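Work through the exercises below with the sequence and the model side by side, and try each task before reading its solution.

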Amino acid sequence: MAQTIGASGATHLIKSQLRGPFDHDDSQILEKVYITHLHDDKSCDTGSLYNIVTNVLTKNGRAAPVTGFQQPDFRTLKLISCQMIKTPGEEKYVHQTTMWILQQLKAYSWDAKAVITVAAFALEYGNLVYLKEINQSSVDQVANSLKQLNQVESRSVSNEATKLVSVVLEALHHVTEWAKWSSNGYDTEDVPSLSRALQEIPFIVYWTIASLVACTANIVVASDYALSKFTEKLYSFDESLNRHLTSSREEIAALDDYQRRWKRFYNPKDVVELLKLLVHRTGTPLPQLFDGTTKTKFDIDILRGNNVLLFISSLDKIEDEIQLLNSLYLRLESHPNDVVKTFRKGDFKILWVPIVREWDDVLNNKFTRLKNHNIKWYALEQSTTLADAGLIRERLNYRGKPIVTVFDSSGHILNEDAMDLIFQWGIDAFPFRKEDGDELVKKWKWFWDVTRKVNLGIQEVKGDRYIFIYGGGDSKWMNNFTFALDKLRKHETITGIDAIIEHYQLGKTDPKVVPRFWIEIESKKLKKHEGALDCEIQRIVKSLLCLKQDPQGWVILTKGYNVKVLGHGEPMYKTVEEFDKWQDKVLQKEGFDIAFKEYYDIKLKEFEALQPCSVVNVDDYNANVIATITCPNPTCGRVMEVTSVNYKCCHRDASA
């Protein structure tokens, strides 16, 4: 037969199955608490209520009074207070009452649940504490009567209860602090610790309520709980919450500082303030700069009044960039008083800001080695002082690839990234604005249009490739130069720096290309002059036509679209043939083209020194007037000066 259980038996069975707070593990408590949390649509004046309960529980008589408090209503507070008072004196009932209270407060926010429960507890706790302080001899008979009615003499607040209340208030303070920051709408990506703190909040709320239920039972003499157990449990979760809040406080401070710097970025006082916005956070030591030339440190203010090339990179594979900027630094410093387009070269300084996600001993040692032995310009001293890379990534669009952002002395951006411009054009691109690069492209566009129009055979022009275009009437010179170029391309120094060298002989496969090429060049002389750029193009055209007169040959060396050298046959051949004598310079300069031109200039002077002034007797020409005659020397081609009855040229004018 089936066993029948009566009503009293069923009640006894249910009670025997109830478990206390300490009989549940954390995952079970979390599950039960979340079941009672629906949404946050009920209003609660948590700020005012928090101030009131703090005044009561700390007996802070100097606190400012709170007026106009209405939510939650008194009935809700009293109902919760009464439920705590009537809780039976066993731990399993503490859990039961805690869950009942959470169910009553299911539509309130997490912080409101905690504040309302503490307020309900303060109703009874406050009465007991304050009535206990009333002296029996007091003339206020009403107060004494209330004291007797509440049986104050037979009740007391133990030291355990006092300590528990103190921990509850501390936890409540942290919960309300978390709620305030969370309501400000901080993105969890910006303040991740707030999200981690949320993991502790349900436990704090549960153990706050459970602790106050147990404490109330002790105060009304309904039980004799060991409150220290509740205190320790609540304290452990609050300690974890506080750690997250400490991190949140730091993250919020960093975020607020970041937003301040973000807003100020496009309206700085000068370039120094702008650099500080990028690399310095309020409250941290101001970073210093390391001078790679003098190996000394300076304050960042040393850059005030200067234009700045801001080099931003990681520490990986930046040898080419360092070499480029070292050479650029020397070119700027060697002619500091040169003024180009109103900019003075000596007013441009290079500053390196290395970006590394996480510094360690290996990276610190690498950075130290680079700044002490490789760079000649300024570097931000000790990477740990960098505020963050966020502003650099977002405002300067740094994505890991090395960039050079150009700022003027007022802190305004002249070029967001001049790295490709500097690689392509070098010092010729000074002062490194985008329009300076555009102007250089226009300066040589006509020449490359000519090479395409006559089908010179050049497949593709890339910024990192060196191209030799050459021709002439001396087949022996042509063969020697071609052989020397092939040997140069295979040289270990050239292959070691990954330099790509291509060469194209004018008319090698189609002799008809030669006249077409020079006709196109000469046609540019007919173009109407409309500005400084046209005048510059005319100068280049005259130089090319001068090269054409060299009986041996001529050579054009380009780096990408940048035409670097217009050279005469013999000195160009000697420069290529004698590469072993100047190969070390390639590693010291901006690149192969710079070292090449410097050695070519030396060979050109040597060649010109062997051929003194050219003199032409006027009688050699059938003319009855003084004519304009160009120098017959193939490396010169200048207009000769008239000296009495002779035409004379000493090849000392500026290079053609």
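Of the 656 residues of the protein, 48% count as buried, where buried means under 20% relative accessible area, exposed over 50% and partly exposed in between, with a 1.4 Å probe and protein chains only. This is a predicted model, in which local features need pLDDT of at least 70 and side-chain atom pairs count only at pLDDT 80 or more, while totals for chains, interfaces and linings use all residues. Residues are numbered from 1 along each chain as its sequence is written, and side-chain values use heavy atoms, with hydrogens and water left out.

**Exercise 1.** Place alanine 112 in its helix and decide whether alanine 112 is buried or exposed.

Solution. Begin with the helix: alanine 112 belongs to H6, which covers residues 110-132, helices being DSSP runs of H or I with at least four residues, numbered from the N terminus. Next, take the relative accessible area of alanine 112, which is 1%, so this residue is buried. Finally, list its partners: once neighbours within four places in sequence are set aside, alanine 112 is in contact (heavy atoms within 4.5 Å) with Cys44 and Thr46.

**Exercise 2.** Describe how helix H2 meets helix H5.

Solution. Start from the axes, lines fitted to C-alpha atoms over the stretch in contact, with angles running from 0 to 180 degrees between N-to-C directions. Those of H2 (residues 26-36) and H5 (residues 91-104) come within 8 Å and cross at roughly 35°. Then identify the residues: H2 contributes Lys32, Val33 and Thr36, and H5 contributes His95, Met99, Leu102 and Gln103.

Key. Helix = DSSP H or I, 4+ residues; strand = E, 2+ residues; numbered from the N terminus.
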